[in-house]
Amino acid sequence: MSTAQDRRKAPAGERVADWADGRLGIYSLAKANMRKIFPDHWSFMLGEICLYSFIIIILTGVYLTLFFHPSMNEVEYHGSYVPLQGQLMSEAFASTLDISFDVRGGLLIRQIHHWAAIIFLAGMFVHMMRVFFTGAFRKPREINWLFGFLLFVLGMFTGFTGYSLPDDLLSGTGVRFTQGAILSVPIVGTYISMFLFGGEFPGTDFVARFYSIHILLLPGIMLGLVVGHLILVFYHKHTQFAGPGRTNKNVVGMPLLPVYMAKAGGFFFLVFGVIAALAGIATVNPIWVLGPYRPDQVSTGAQPDWYMGFAEGLVRAMPGWEINFWGHTLVLGVFIPLVLFGLFLGIIALYPFIESWVTGDKREHHILDRPRNAPTRTAFGVAWVTGYMIMLIGGGNDIVATHFHLSINAVTWFVRIGFFAGPVLAFIVTKRICLGLQRRDKEKVLHGRESGIIKRLPHGEFIEVHEPLSQEQMYTLTAHEQYEPVEIGPTVDENGVERKVKGSEKLRAKLSESYYGEGAQIPKPTAEEYREITSGHGHH
Amino acid sequence: MKKLSARRRHPLAAVVVLLLALLFSGGLYAVFAPTSKAEADETAQSLTIEEGKKLYSVGCASCHGTGGQGTSDGPSLVGVGAAAVDFQVATGRMPAATSQGPQVPKKKNVYSQAEIDQLAAYIASLGAGPAIPTEEQYGPQGADIAKGGELFRTNCAQCHNFTGKGGALTHGKYAPTLEGVAPKHIYEAMETGPQNMPSFPDTTLSEKNKKDIIAYLDAVNSSKSESPGGLELGGLGPVSEGLFGWIFGLGGLIAVAVWVAARTAKAKKS
């Protein structure tokens, strides 16, 4: 193809691309990834909400660092907010007031930063639940599930260290709360507290230390995890819901370029827009009315941001037990909630491994489950969320009490009982709803959709006309596979020697039975059943 | 003196000394005790008290007793002062309903200010107590707002929240919101400590301190206080922020996501 005409200079764009390809190898990269397919579903965009709000947090955070002074030196305030003039406060608080009132665009950026953080964490929670309830955590995505879980936990602590920086009365109370939790740890608690605060609370160091943690350490780790998370999404390819033409070996959707690039890019601006609108409309963390932190002051309604509200609830609901022995105090009223906090979060992180152990399934799964088709998992997830939400109510028990005209003691008792009874109840109810939905699906496949048309037969009988489903619909409703419960197997081998059955093996068989045994799932309609019903007399 | 000295062992000497001592201390009290008004309008004053007593027997006596001595349904009103009456009646808390919840709520006041003054005068006549403050005491002139904020956070915020939005107490009781409460009533509440509130007499919070606190509340929790960040969301802190963020923030974004996902370049159905 080399004619004289072609030897003319290539267009500028192509020459730049050539230059870059020679040094970065972008052509092969682009060839491999530009046609990457992503399936379309709104719930697959929850992760994007998190990613974009994370980017927005980083961008606005950089702006805030330009004006924030992470110092606890005492200064007298002489800025433009009148109700605090002449008050003594830390430089951190004074500079946050300056950002809010004297830096151009400072308050808007602060509020975008804070709202984006609230939405980031909320987005991660919902994204995590989406992955959980559709079973997207199954092989090969267990590690990516853990990455995501770590991002959520690190996000919680990045948020906590962030809202503690202004050194206002509310966040100072929160830091004191955290120090109390640290102190409740037997033996090492006091040492960790002294180490963290550079001596007695509050000292003069913690703002500067939290600052390094908040802007460098935690976001650094999170950025790494986000990159790893995305690389794994690319590497594993995206999961998809079952449907005609979709198998475990393909992905049906639109290519990254140009469709997804345009959609994702546009969606970034939509996310930015919604968050900016929120920040323009509603106040978040108005530190100017909270006042500077002083350990001798406190306000009612002192809650953490929502993602820490669960921990707050655990402490508020826990009776104030303590044990005294040999001059030492074990503050169970705080230590037990601290342990529960770790356990409760840990159980959901480890769930994928528990489930894969129960099923013994080592195959890869790229087709998502509908939540109803995995009743035990769905019920477990709903139970977990129920426990979480009840603890959130516990964290806001005073606000609930004043706004619903209830006794705070009654709310606390509701939370105490609800924390144990709520998840159990939610488990049972959810499982039953799932089974009901499975029955309905079976009914729909075998008898068709209820059309609402009533027909009167010549002999006077009334029947409702059922409209058969399309082939696609029927495929979608029956595409899931159903596990058989794991058997312990013969306890006696061919020579008649008795085999010792391990306890873990028995437990696994029992769990498997409860997951997939009789009554734990509705056998999906088979082709024979379908043929038998449709071949004969049409309606029942 | 000799005569007196000679009779100092008289059997009645102790009685005489006692009488003299009582006369002396009583006289001192009469001189130093706060006399409410000059004698000039004594008749007007007693008329007011008379009117107040009538109102009292109709509206209050069934619980507080015919002479304000208190019954099992209501505490004694001897010594509570005019300030307490003005606060309780003018905010509608008194007279209270016969069957109470955990706390007597604020409600519509049914008395005119003149009637409240009569009631207050009657109760004040039962025993000395704090008087109704004057405009000069609670008005905003010469108040230090910032100092008031500091005092508020130290003494009031633990029940009433940072800016006086109210908060929960035990067993259904609550510290009410201070929004829209008249400066006079805030002053009186601090002075008399109604219901669960501790009282802050002038020895604890000086007149100037109370003035500062009222000025601070006026600056941050009144119709004229500004909210530079936009909607206040109730001023309740992270609980309402979290709820707002979940519903309007994430909720809005999910709605946008659904919209974007529904509007895709779809492959043609064969």
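How many Å separate the centres of domain 1 of chain B and domain 2 of chain B, taken over C-alpha atoms? The answer is 23 Å. Keep in mind that this is a predicted model. Here's a quick tour of the domains, the contact of the two chains, and a few helices and strands worth a look.

**Domains of chain B**

- Chain B splits into domain 1, covering 39–126, and domain 2, covering 135–220.
- Where these two meet, 14 residues of domain 1 of chain B are in contact with twelve residues of domain 2 of chain B.
- On the domain 1 side of that contact in chain B, you'll find seven nonpolar, five polar and two charged residues.

**Domains of chain A**

- Chain A also gets a split: domain 1 runs over 46–338, while domain 2 is made of 370–482 + 510–540.
- The centres of domain 1 and domain 2 of chain A, taken over C-alpha atoms, sit 35 Å apart.
- Contact here involves 18 residues of domain 1 of chain A and 25 residues of domain 2 of chain A.
- On the domain 1 side, α5 and α12 (306–317) of chain A each chip in at least two residues, and α12(A) gives the most, with seven residues.
- That side of domain 1 of chain A breaks down by class into eight nonpolar, eight polar and two charged residues.

**Where the chains meet**

- Chain A puts 59 residues into the contact of the two chains, and chain B puts in 51 residues.
- On the chain B side, at least two residues each come from α8 (145–155), α9 (157–160), β1 (167–168), α11 (207–220) and α12.
- Of these, α12(B) brings the largest share, 17 residues.
- The chain B side comes out as 28 nonpolar, 19 polar and four charged residues.

**Two helices, two settings**

- Helix α10 of chain A takes in residues 256–281, and its end C-alpha atoms are 35 Å apart; that agrees with the 38 Å its 26 residues should span at 1.5 Å a residue.
- Buried residues of α10(A) are A:Lys263, A:Phe267, A:Val271, A:Val274, A:Ile275, A:Leu278 and A:Ala279.
- These buried residues of α10(A) pack against α3 (46–65) and α5 (106–133) of chain A, together with α12 (238–262) of chain B.
- Over in chain B, helix α2 (residues 13–32) reaches 28 Å from its first C-alpha to its last, close to the 28 Å expected for its 20 residues at 1.5 Å a residue.
- Is α2(B) largely buried or in the open? The number of buried residues among its 20 is zero, so α2(B) lies largely in the open.

**A helix pair in chain A**

- Two packed helices are described by the angle between their axes and the distance between the axes.
- For helix α7 (residues 169–183) and helix α8 (residues 189–197) of chain A, the axes come within 7 Å and cross at roughly 145°.
- From α7(A), the contact uses A:Gln179, A:Ile182 and A:Leu183; from α8(A), it uses A:Gly189, A:Thr190, A:Ile192, A:Ser193, A:Leu196 and A:Phe197.
- Sorted by class, the residues of this contact of α7(A) with α8(A) are five nonpolar, four polar and no charged.

**A hairpin in chain A**

- Strands β9 (residues 449–456) and β10 (residues 462–467) of chain A pair in the antiparallel sense over six bridges.
- A:Ile454 stands opposite A:Glu464 in β10(A).
- The hairpin of β9(A) and β10(A) has five residues between the strands, and in it A:Gly460 takes a positive phi near 105°.

How values were computed
Residues are numbered from 1 along each chain as its sequence is written. Chains are lettered from A and ligands numbered from 1 in the order in which they are written. This is a predicted model: local features need pLDDT of at least 70, side-chain atom pairs count only at pLDDT 80 or more; totals for chains, interfaces and linings use all residues. Helices (H or I, at least four residues) and strands (E, at least two) are DSSP runs, numbered from the N terminus. The expected span of a helix is 1.5 Å times one less than its number of residues. A residue is buried if 20 or more other C-beta atoms lie within 10 Å of its own, exposed if 12 or fewer, and partly exposed in between; C-beta atoms are placed from the backbone. Two residues are in contact if their C-beta atoms, placed from the backbone, lie within 7 Å. Ala, Val, Leu, Ile, Met, Phe, Trp, Tyr, Cys and Pro count as nonpolar, Asp, Glu, Lys and Arg as charged, and the others, Gly among them, as polar. Domain bounds come from an automatic or database domain assignment. Axes are lines fitted to C-alpha atoms, for helices over the stretch in contact, and angles run from 0 to 180 degrees between N-to-C directions. Two strands pair if DSSP finds at least two bridges between them.
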